[in-house]
Each structure stands twice: as C-alpha cells, then as structure tokens.
Amino acid sequence: MFKKSSIFHSYIFLSITFLCGYIFSQDALDEEFLASLPDGVAEQIRSQNEKSDNELELEKLFRADTSVESNKKVLELLKDQLEDLEKKIKSEDANKNDRGLERFGSNFFSSIQSSFMPVNVPNLGSDYILDVGDSLKVLLTGTIEAEHEVFIERNGSLLIPEVGSVQIAGKSYQDAVKEVQAFISNQIIGVDTYISLSKLRDIQVVILGMVKNPGVYTISGGSNPLYAINAAGGINESGSYRNIEHKRNGKILNRIDLYQIFAFGNYDFSSQLRSGDIIFINPRLFDIPLTGGINNPAIYELLPNETVTNLINYAGGFSESFYGYDFLTVERRDVDGSNSLSVPLSEFNSFKLRQRDSVVVPYYTNVNEQVLSVKISGMVNRPGTYDFKQGDKLSELINRAGGYRSGAYIFGGMLMREDALDKQRLYAEIVYSDTINFLVSNLAKPNISVDSSSASLLIDELRSQNLSGRIITEFDLDVLNDEPGRDLLIQDGDEVIIPPLQKVVYLFGDFNRPTILQYDSSYSVSDYIKLAGGTKDSATREILLISPNGETTEVRRSLNIFASEKSDIYPGSIIYVPRDIGQISGITYASAVAPVLSSLAISLASLNSISD
C-alpha cells in the first residue's frame, strides 16, 4: 500500500533532485575541475547535469524569483508528479496476484494523464451525427467568393450568410454535406460549395459503476465509449473488462467486450456517444490465472460457459515451448480441497472452466547449449573436427571418423586435453617455485655456493620443460568394446592424434650422441645406450623409458649396470637421460640438496603423461 509517508519522502527526494540539478547546471561548472576528478565521479556529475524538460522548467522558476506565485507553480508540478506516481503504484499492485501475474488488459488504461479534457480536433467518419454546437466551414467559389464558419443553431439549422438557413441537426455528416450543397446550388447559380467540419460540440456523458473516477464528464462530440472510460481514469480492479454497457434513454445500445480489442484488435468505433449517454462498468466476472507454455501468461476474465479454447485464444495461443505436448493441467479448487485435472487437446473445445480454477500449460525450456567439438587427425579414415554431445565416448569419435586406417599405430595414440595441460603447468610452477625457494633458503649455508651463471642455467633447465597435456588412455576398439569402463568420455577441445607405425627408438637427453635408432625387439635399454655412445658424466643414474602410449618407467643403473634389463621397449619408445644439475660446474651442493635437484628433471618429464 502506498502510504502518506512514502509520498512525503518522494516529495523530499524530488525536491532535492531538482535543487541538485540546479546546482550542477550552473555556468560556473568547471571542466578543468571535472577533469581532475576520478572518471566515475566526473561522469556522475555530468549525468546529473543533463536535465529533463520538467527539471529545466523548475530551474527557471527557482532562478527567476522566490515569489509566492512561483513557489505555487513549483509545488503544483511536484504535486502532479507525486499523484501520478501514487496512481501508477496502486495500479500495478492491484493488478498482480501472488504469482506475479498481471490482469490481462490492465495496462490499457494505465497511462497517467495530466488532464482528461480532449483536444478538439475533428477527425471523424462520414457517419458522424451533427447536432447543436457543431461548427462547419463553408467555402463558396464561382459567382460568389466567400468563406464562412457557422454553428448549428439551437433550432437545429445552419444559417449561411447571404444564402439562408438549412435544417441539418440529427443528420449524418455525409448527408448534411449533400443537403447543404444542394441548398446553396438552388439559391445561387454558378457556385461551387466545399464544406468541412471545423469544430466539434461538447457533450456530457455519465460514467458509472466499477470505474476509478465515476461522474459526469464533458467530452468532445463523436467520442467513443473507450475515450469516455479513459477520461474517467479507466476501470478499477473490481470492474469487468468484458461486461460494459452503453445506455441511451434507459436502453442498452451496446454491450462492450474489451477482450475483442485487447486480444484481437476488433472494435466498432461507429458507436458514438451523445449527450446524456451512460457508460456503466459491471463488476468483474471470475478470473483464471494462466501460466506456462503460452504467449501471454496473465489473469484472464472469462464469461460463463467459455472453454479452455477461448482462454488459449485470448492469450495469443501456445508458445513454441508447448511443441510436443497435447494436454494442459487445470488446478481445480472447491470447498472440499483441490485436485489436478489433465485436459487432453481433444477436449479443449468442450472443457468449461470454473471460478477458482487455474490453468498450467506444460512447456520445455529451450536452453542454447554450447557447441562441443573435438579434433581427430592422423591414421583415421575421415580426420577432421567433429561436434558431439555430452556423454559421448572416445570409441564413438573414432567410429564417426571411419575407424583406423591400415598402418595406424594404435598403441601410440595420443589424447591431448586442455585441463590436463593446465594441471601440468600448475604442477611445473609449483616445482619451479619450491626449488627456487629451496635454493634461496640454503644460499647462506656452509658448503653451498651458487654463482650467477650457474643459477641462470638452473632456471633455464626448470623452464625448458615441454608440456603436452597428454592423457594416457586405451585406443584399441576391441578392448573398449569388451571393457566399456575404459572407454574415456571426450571433452570439448580435445585433440586425438593417431600416428603411423614407425619402427624407431628415440634417444634424447644427456647422451654423448643423442640419436634415433632403428627398432630391434631383441635390444635392451643398455644396448640402445651403447649405440648412442653412452651417457655423459653429467647424466643422472636414473633413466626414463617413455612408451608410445605415454607411460613412463624409471630404469636405475649402478655403475652402468641396469637393475631392470627386461623393461619392455616398443617401436616409438623414448629413452630419456636427464642431466644431473648437481654436476654443473660452479655449483657445490650439500648432500641433502643434490638429490632434490637431480630428481627435478624426472618429475617434470613425468608431467608429459597423465593417467585419467
């Protein structure tokens, strides 16, 4: 409820707003001063300086003088604005229920007017009925050149100077024009007559019933009942939009159903008002809240015996979200309780609604889902980028790509994933940060000496790791078919690479001759190392064997004797020998520091494969 205190507070707010507007609109507003302020503050001040027409008018009044008359004008304008605000708030509150639904058509009469007096500019059809007080403009050309504006007299006649009078009251505008033209032609030879309606008479009508401001209203002749209702402030919350009576001489001339206008735009404006007519707004009929998959959810007023079909038509039909459904739900309440009725589409024309019913139309939520895509390349029949939906698996992607080509090295298949790469980067940053912090905290300890060149070399070693975001998973379709639990769910942005079979072994790292050797199933790790000329003195004793599927095995050696000579080596395997940072010239470590740094390369190399 809009209380008096709210009106008072609004009055104070409006007053302060206008006064502030006056201050900020002064010519003394200094742009240099604004430029010195923070952007947000300066922008607020500039925005405040932009005034509406009402504010500018008030500013002029404030500047001009502080006389009683000036203050009265200011207060009258503020009062009008507050009254408009109060009407709007009351109207909005009255036309909503606890579901937030508005009464259908409630906005039609919600425009707030400063005056209900019409503008007397005639724009009527030929069937307008002339009566006492209407004014016509008569233009004569030919043997006589003259122009007259004449009123219909109380006796119903039109007196035309130099011609005479003719009786036209009660005639339609079209018939009256013909009669006046014929009359003048009979009186004066050789004259052409042109007639137009220049001013409408005023009429008085009575507006009663459930209207916001019932009473007697003076409006222009030819006005229709809608104009009269609007002049009275519109229909109140208890009034009917569908049962409005237009009466004349005690008889009902017309029953007006505004839903024909609100819902379909149909109205016969030929029913014009005359003095003494009565517009009576009857109490509203029963209301039906309608929600869900409908074009215009609202509270609808129904006539007796109207059906679900009528209700749906008034709401503009079903929305697109109703597609696929063939029923709706009626929540029926009576003295014994409530229950839900499912009404099939076939019964919409016959199902009659009752007071206290509410209707819910089913609908689906159309969510614009993100387009998911994954790229597959290499030894598949149809490489490319494929769209997919949530829940699709790796095997489905491979099958959509036409399966594997001859020569595909399935064991060497790679799946690169962005979030795996993010995890690798995060872990690498942690290792890097922890190592740097360890060095810094131990610089001052005995037996530890680090010069600038050695520290730079160490940092480069830490940063040189090439991370891939690879996930270790199974690519064999037969295995995935037999063991569905190993079939990985694909994600947006994944990249799958199926390489060709290459019978080589890669030797990278601290070898005397890093090289690529032909694969030989009979060779062991030590055999391949010998073929690469052995390892450097700076190499660690831990050697990494990285299989084509990304799995990494650590092979330890003691005095060049490998503890695990039976490690499986496959075509495409990588034998990687990290550099022992502890052997770099210029750095001397305590016994506790060297193992930490020498294992750093192992930790980072292992980041290149993550098991899902």
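1. A residue is called exposed here when its relative accessible area is over 50%, buried when that area is under 20%, and partly exposed in between. With that cut-off in hand, N305, at 59% relative accessibility, counts as exposed, and its place is in the loop between β12 and α9. The backbone of N305 also deserves a look, since this residue has a positive phi of about 75 degrees although it is not a glycine. Most residues other than glycine have a negative phi.

2. The model is a predicted one, and the remarks below should be read with that in mind. The protein has 612 residues, of which buried residues make up 40%, and its secondary structure comes to 16 helices and 29 strands. Of the contacts between residues at least 6 apart in sequence, 63% join residues at least 24 apart. The protein exposes about 34,000 Å², and carbon and sulfur atoms supply 50% of that area.

3. A second residue with a backbone like that of N305 is N249, whose phi is near 55 degrees, a positive value in a residue other than glycine. N249 sits in the loop between β8 and β9, and with a relative accessible area of 75% it is exposed.

4. The two strands on either side of that loop are also joined by a salt bridge, in which the closest N and O atoms of E245 and R255 are 3.0 Å apart. E245 belongs to strand β8 (residues 239-248) and R255 to strand β9 (residues 251-256), the two residues being 10 apart along the chain. E245 counts as buried, at 8% relative accessibility.

5. Salt bridges number 15 in the model by the distance rule applied, and the one between R103 and E301, with an N to O distance of 3.3 Å, can be singled out for the parts of the chain it joins. R103 lies in the loop between α5 (68-94) and β1, whereas E301 is in strand β12 (residues 298-301), so the pair ties together parts that are 198 residues apart in sequence. Both partners fall below the cut-off for burial: R103 is buried at 3% relative accessibility, and E301 is buried at 1%.

6. What is the exposure of the side chains in the salt bridge between K171 and E179? K171 is partly exposed, at 29% relative accessibility, and E179 is likewise partly exposed, with a relative accessible area of 32%. Their side chains meet at 3.5 Å, N to O. Elsewhere, R242, D257 and E306 are linked in a network of salt bridges.

7. Helix α6 (residues 173-187) has 15 residues and reaches 21 Å from its first C-alpha to its last, close to the 21 Å expected at 1.5 Å a residue. Its buried residues are Y173, A176, V177, V180, F183 and I184. They cover an arc of only 130 degrees around the axis, which puts them on the same side of α6. An α-helix has 3.6 residues a turn, so residues three or four places apart point the same way. The other side of α6 carries K178 and N186, which are exposed.

8. Against which elements do the buried residues of α6 pack? They pack against the strands β1 (135-142), β3 (157-160), β4 (164-167) and β5 (191-199).

9. V330, in strand β13 (residues 327-334), is buried, with a relative accessible area of 0%. Leaving aside its neighbours within four places in sequence, V330 is in contact with several residues, among them N339, L341, V343, F351, L353 and V359, as well as D357, S358 and S340. The C-alpha atoms of V330 and V308 are separated by 9.6 Å, the two residues being 22 apart along the chain.

10. Is Y323 buried or exposed? Y323, in the loop between α9 (308-314) and β13, is exposed, with a relative accessible area of 69%. Together with Y325 and Y364, Y323 forms a nonpolar patch on the surface, and the accessible area of the three together is about 360 Å².

Terms used: Residues are numbered from 1 along each chain as its sequence is written. This is a predicted model: local features need pLDDT of at least 70, side-chain atom pairs count only at pLDDT 80 or more; totals for chains, interfaces and linings use all residues. Side-chain values use heavy atoms; hydrogens and water are left out. Helices (H or I, at least four residues) and strands (E, at least two) are DSSP runs, numbered from the N terminus. The expected span of a helix is 1.5 Å times one less than its number of residues. Buried means under 20% relative accessible area, exposed over 50%, partly exposed in between (1.4 Å probe, protein chains only). The arc is that of the directions from the helix axis to the C-beta atoms. Contact means heavy atoms within 4.5 Å. Patches are made of residues with over 30% relative accessible area and no salt bridge: like charges are joined within 9 Å, nonpolar side chains (Val, Leu, Ile, Met, Phe, Trp, Tyr) within 5 Å. Accessible areas come from the Shrake-Rupley method with a 1.4 Å probe; for residues, only the protein chains shown count as cover. A salt bridge is a side-chain nitrogen of Lys or Arg within 4 Å of a carboxyl oxygen of Asp or Glu.
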